Amino acid sequence: MSLFKNSMLALVAGGLAAGLLAFAEPSFQEADAAVSNPTKLQSVSAFAKIKNKNERAVALFTEAGKVIQSPRCMNCHPATERPTQTDRMRPHIPLVVRGEGGVGAAGGLACATCHHENNFDAANVPGNPKWALAPIEMAWQGKTLGQICTQIKDKERNGGKDMAALVKHMAEDELVGWGWHPGGNRTPAPGTQKQFGELIKAWADAGAACPKG
Amino acid sequence: MAAFTLKINGQAREVDVDPNTPLLWAIRDGAGLTGTKYGCGVAQCGACTVYVDGQTVRSCSMPVSAIGTSEITTIEGLDSKEAKAVQAAWVALDVPQCGYCQSGQVMSATALLSVNPTPTDNDIDLAMNGNICRCATYVRIRAAIHGAAKSLEG
Amino acid sequence: MTVHDTKLSRRTLLKGSAGLVLGAYVARADKLFAQAAAKPSVNIAPNTFLIIKPDSTVTVLCKGIEFGQGPFTGMATLVAEELDADWAQMRADHAPSNPQLYKNLAFGMQGTGGSTAIANSYIQMRQVGAAARQMLVAAAADAWQVPAGEITVDNGVIKHASGHEGRFGEFADKAMAMPVPADPKLKDPSQFRLIGKEGVVKRLDSADKTNGKAFYTLDINEPDMLTVVVARSPKFGGKVASFDATAAKAVAGVVDVKQVSNGVAVYAKGFWPAKMGREALKITWDDSKAEKRGSAELLQQFRGLSKTAGKLVKAEGKFEESMAKGGRVIEVEYVFPYLAHAAMEPLNAYLKWDGDTAYARYGCQFPTPDHMAISKVLGLPIEKVKIDVLLAGGSFGRRAQQSTHQAIELAEVAKAIGPGKPVKLVWTREDDMRGGYYRPYCIHRMRGAVRDGKIEAWSDTIVSQSIMKGSFFESMMFKDGLDPTSYEGSNEIPYDVENFRCDMHQVDVGVPVLWWRSVGHTHTGYVVEAFVDELLEAAGKDPIEGRLELLSKKPRHAGALKAVAELADWKNYKVPAGRARGVAVVESFNTFVAQVVELSMTDDGPKVHKVWCAVDCGVAVNPDIIRAQMEGGIGFGLGHILYAEQTLDAGAPVSGNFDTYRSLRINEMPEIEVVIVKSTEKPSGVGEPGVPPLGPAVANALAKLGVGRPRQLPIVPGASA
């Protein structure tokens with residue numbers, strides 16, 4: 001739609017001959033987030049041919065980054081107080097905020113007002129027992145994959161997890177796992193949680209180097 | 001179809017509905033309590049707001065099978081001092097126009113005052129923006145919440 | 001001559017030839033209704049409007065529907081004023097469908113719309129109250145054997161100096177049986193205790209609308225009732241080619257499935273099984289006659305047409321010659337989307353039909369045509385059909401259906417399953433949002449010239465669908481083949497401009513359209529007020545001073561503008577940094593509203609902080625309801641101007657719910673200050689007129705902020721993508 005709009009605005013502008021009073025066309029449309037939604041993950045074995053350990057780690061994390069940077073994960077790792085939603089990662093409507101413990105504002109509009117134990121497709125509302133926003137120190141939106149990688153390894157910013165705990169979290173956590181079973185017409189995170197866990201583990205085993213930038 | 005016993009407003013009510021039926025329709029068509037309204041069915045408008053074990057919940061957003069033994073409170077069962085203050089403030093300012101969304105507005109406003117007796121405008125925005133009013137009675141909703149808060153002080 | 005032709009036409013119905021047209025139309029359908037429409041008389045019989053109970057409560061039966069705009073309270077105020085009742089004893093309810101007794105005097109039939117509720121009832125309902133008072137006094141005089149002239153009525157108490165005292169309930173039966181005075185004397189406005197007074201009249205419906213007791217159509221739950229949802233064509237104009245109901249009928253709770261003219265109806269015990277049953281239907285649609293164009297194609301067509309001259313609506317002076325003289329020549333295009341009404345309560349209706357009689361209950365906005373439609377579908381005489389009107393959860397025009405499509409569908413679903421099975425027809429939110437009857441998609445191409453600080457030329461080429469084409473209103477209201485509700489407000493601007501032209505292309509699109517809160521003014525108000533602001537800016541004039549210079553012949557426009565300028569302290573106010581203000585004034589439905597908007601820009605588009613509003617609606621009957629309608633109109637206008645549009649993808653509406661048809665929420669609602677201009681003019685409506693000025697005032701503030709006036713609405717698109 002936005003492309004359509006932009007082209008219409010261009011047409012309007014073009015249609016006004018020079019010499020006519022020309023104001024800049026106000027344009028507040030949300031940029032369509034450049035979200036690509038790959039559906040598959042390469043398995044760990046596909047990276048075995050990379051001999052350099054650090055290079056292999058970077059490649060493994062980059063592959064795992066397809067999950068991390070999917071809307072299913074990014075939407076609830078916002079850099080502001082407000083989560084995003086849908087594959088387009090638009091601001092969550094209604095306006096909800098992280099609140100204490102990441103479960104929303106107290107007194108009316110907590111996450112649990114709408115999000116429950118399970119997805120409820122009849123109302124197009126996703127759910128999970130641990131439904132919550134990531135703490136602000138775990139914000140991913142607006143960051144490069146390299147920055148996210150560094151952050152994920154940083155105990156100060158990953159909930160105090162050592163590498164083993166981190167691998168276990170990625171491979172087994174049920175809220176992480178929701179990303180592959182999001183319900184409705186939401187595009188699932190690529191691959192499977194098992195594959196993702198294997199990539200993260202292989203990355204850790206290869207020294208957990210991060211992509212540059 | 002399956003039989004569920006719902007505890008609504010302190011009373012046990014038998015409803016015989018499909019397990020995937022949204023709580024909203026179990027309350028309205030099953031238990032016959034119609035103060036809780038249907039506005040969107042997708043947790044966007046807040047007209048169906050109830051409390052489940054004291055937590056504000058859009059009753060369209062969860063299936064009746066997920067309720068178990070939880071206590072449900074609907075607009076018909078509101079009787080806290082906050083609720084009375086909210087309802088009195090609503091009438092004093094003639095907040096409602098068409099009125100259809102107002103059960104949900106009153107439920108949300110009461111929930112807000114129950115945990116936050118002196119809400120700021122920002123607190124009100126965060127608690128109430130999940131409740132759409134197509135008549136746009138928002139100016140009066142805000143004023144009535146402040147009014148109710150004030151009446152609860154003294 | 002004011003710009004609002006619709007209003008004039010409706011008024012003319014009462015006495016002029018247009019009234020005869022409706023009379024003729026009705027006569028084709030039924031004699032009883034014809035009598036009603038043709039009869040010029042105004043019913044003031046208290047026993048048809050008032051229920052006075054032994055406990056002395058007075059229930060006023062309201063001709064129009066209450067869906068928030070306040071007629072319950074308004075009608076009761078008019079009656080209570082002349083009745084000298086105590087406000088605490090007043091109640092209100094809906095009058096049933098009966099065009100003889102309860103016609104809207106502006107339409108000649110029973111119906112609500114055009115912000116006419118108070119305007120058409122102001123004298124009539126006061127006469128009802130005055131007649132009832134006179135009859136109660138006569139009854140008391142008879143009972144007490146004292147002269148009627150010595151009896152007083154005050155705050156619901158009837159008194160005589162001899163010590164006799166009583167309340168209305170005691171004398172009601174006797175009084176209501178008395179002859180109705182032909183011309184009951186009305187109070188001089190200086191004697192009013194309720195009309196126009198602050199704080200004495202509270203809405204009659206607030207308490208029940210705060211505790212869940214207010215009863216709407218969706219709340220009907222009768223024994224043996226079936227809830228019905230209908231699967232309708234995803235594209236407008238599509239028909240059922242074939243369907244398989246096997247799986248639908250297997251859904252627990254589904255009772256039956258029947259084809260109706262508009263689609264396939266699923267009957268069930270409750271809403272949820274009906275909806276699940278509908279999802280299980282397999283339907284093949286025949287789209288051969290369906291509208292298949294998308295929004296992009298419509299834009300292309302409309303834009304192309306807007307660059308050519310349409311059928312002339314009005315011309316004054318020599319527009320093209322004036323344009324040719326040059327100066328600051330400005331041409332701009334404004335594009336307006338389809339808009340859904342999206343009232344909180346989606347459409348729904350109940351009908352019980354036993355083969356011989358039919359009883360409908362719903363939030364019916366046009367009882368007379370609906371009544372005839374139900375009679376026709378069921379093959380019953382008019383008098384065998386009854387409609388009770390219920391509260392409705394909003395309308396904004398959606399329930400005022402000249403097509404009677406909902407009444408027809410209601411009667412068809414009842415007929416299809418057979419007599420003795422009460423049905424509640426329910427539209428889901430998605431049905432409502434994707435079901436058409438939108439504010440028409442339209443384009444205005446504005447051209448103007450400014451020379452020596454003066455607006456010399458102005459033209460407006462409109463491209464729009466007609467709202468009334470094909471309905472019974474067409475023969476009554478069309479002018480020279482054009483629908484005046486498409487150009488009302490554009491054809492006669494209030495400003496003095498010597499060289500003026502307005503023309504229109506009336507385009508057929510297979511998308512049903514309908515009036516939407518303030519009708520043509522939703523777009524004409526925007527273009528006229530944004531364009532005059534732009535021209536005044538080019539002329540180097542202050543937006544308010546510049547307008548006032550051009551409003552010498554429009555005292556009420558000027559009055560509203562001056563009032564809002566004073567309220568907003570236009571001259572001395574220091575606008576905070578990063579903010580700007582804009583102004584607009586629009587007359588609609590004979591009410592004049594001026595608004596000043598203060599806003600700033602955020603990442604999420606404009607943030608409107610405050611709106612100052614002045615309204616001149618003649619005599620103000622219920623000041624607080626007038627303020628409420630201005631507040632609501634501003635919020636309604638703002639939400640749509642900022643966020644709302646219904647787009648079409650190959651003919652199919654895209655937005656189905658509030659997740660993509662974005663509604664204004666409380667965090668987006670501005671602070672509002674309203675002043676009511678003192679007036680002794682006849683009262684006019686307030687339900688719609690608060691809407692039109694808001695959009696252009698926002699646009700003009702954005703221009704002042706350096707952002708520019710939005711040429712295409714909504715201002716913040718993308719929600720529907």
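## Close-up views of a predicted model

**Figure 1. Domain 1 meets domain 2 within chain C.** Here 15 residues of domain 1 of chain C are in contact with 17 residues of domain 2 of chain C. Please keep in mind that this is a predicted model. Together, domain 1 and domain 2 of chain C bury about 1,200 Å², with 66% of that area on carbon and sulfur atoms. Look for C:Ile65, C:Phe67 and C:Ser97, the residues of domain 1 of chain C that lose the most area to domain 2 of chain C; together they account for 43% of what that side buries. The count of salt bridges between domain 1 and domain 2 of chain C is 0, while 6 residue pairs (both at pLDDT 80 or more) are in polar contact across this interface. Sorted by class, the side of domain 1 of chain C that touches domain 2 of chain C holds 8 nonpolar, 6 polar and 1 charged residues.

**Figure 2. The domain layout of chain C.** It helps to step back and see where these parts lie along the chain. Domain 1 of chain C covers 42–191. Domain 2 of chain C is assembled from 217–288 and 347–426, and domain 3 of chain C from 295–339 and 437–704. The centres of domain 1 and domain 2 of chain C, taken over C-alpha atoms, are 37 Å apart.

**Figure 3. Chain B on its own.** Chain B contains 5 helices and 5 strands. Tracing from the N terminus, you will meet its elements in the order β-β-α-β-β-β-α-α-α-α. The radius of gyration of chain B is 15 Å, close to the 15 Å that the globule rule gives for 154 residues, so chain B is as compact as a globular protein of that length. Along the principal axes, the C-alpha atoms of chain B fill a box of roughly 45 × 30 × 25 Å.

**Figure 4. The two domains of chain B and the contact between them.** The assignment splits chain B into domain 1 (2–77) and domain 2 (81–153). Their centres, taken over C-alpha atoms, are separated by 22 Å. Domain 1 of chain B brings 15 residues to the contact and domain 2 of chain B brings 12 residues. About 1,100 Å² is buried between these two domains of chain B, 55% of it on carbon and sulfur atoms. The rule finds 0 salt bridges across this interface of chain B, but 8 residue pairs (both at pLDDT 80 or more) in polar contact. On the domain 1 side, strand E3 (49–52) and strand E4 (55–58) of chain B each supply at least two of the residues that touch domain 2 of chain B. E3(B) has the largest share of that side, 3 residues. The side of domain 1 of chain B that touches domain 2 of chain B is made up of 6 nonpolar, 7 polar and 2 charged residues.

**Figure 5. Chain B against chain C.** This view turns to the contact between two chains, with 48 residues from chain B and 57 residues from chain C. The area buried between chain B and chain C is about 4,400 Å², and carbon and sulfur atoms give 57% of it. Three residues to pick out are B:Gln97, B:Tyr100 and B:Arg134, which supply 19% of the area that chain B buries against chain C, more than any other three residues.

**Figure 6. Polar and charged pairs between chain B and chain C.** The count between these chains is 5 salt bridges. One to zoom in on is the salt bridge joining the side chains of B:Lys37 and C:Asp219, at 2.6 Å from N to O. Across the interface of chain B and chain C, 28 residue pairs (both at pLDDT 80 or more) are in polar contact. The elements giving two or more residues to the chain B side are helix H1 (23–30), helix H2 (81–92), helix H3 (102–115), helix H4 (121–128) and helix H5 (138–153) of chain B. H5(B) gives the most to that side, with 5 residues. By class, the side of chain B that touches chain C has 26 nonpolar, 14 polar and 8 charged residues.

**Figure 7. Backbone details in chain A and chain C.** A cis peptide bond links A:Ile93 to A:Pro94, with omega about 5°. A:Pro94 sits in the loop between strand E2 (90–91) and helix H4 (145–153) of chain A. In chain C, the peptide bond from C:Leu713 to C:Pro714 is cis, with omega near 5°, and C:Pro714 falls in the segment after helix H22 (694–704) of chain C. Back in chain A, A:Thr86 is a residue other than glycine with a positive phi, near 70°. A:Thr86 lies in the loop between strand E1 (84–85) and E2 of chain A.

Technical notes. Residues are numbered from 1 along each chain as its sequence is written. Chains are lettered from A and ligands numbered from 1 in the order in which they are written. Side-chain values use heavy atoms; hydrogens and water are left out. Domain bounds come from an automatic or database domain assignment. Contact means heavy atoms within 4.5 Å. Buried area is the accessible area (1.4 Å probe) that two parts lose on being put together, summed over both. A salt bridge is a side-chain nitrogen of Lys or Arg within 4 Å of a carboxyl oxygen of Asp or Glu. A polar contact is a pair of N or O atoms within 3.5 Å; within protein, one must be able to donate a hydrogen and the other to accept it, and residues adjacent in sequence count only if both atoms are side-chain atoms. Helices (H or I, at least four residues) and strands (E, at least two) are DSSP runs, numbered from the N terminus. Ala, Val, Leu, Ile, Met, Phe, Trp, Tyr, Cys and Pro count as nonpolar, Asp, Glu, Lys and Arg as charged, and the others, Gly among them, as polar. The radius of gyration is taken over C-alpha atoms; the globule rule is 2.2 Å times the number of residues to the power 0.38.
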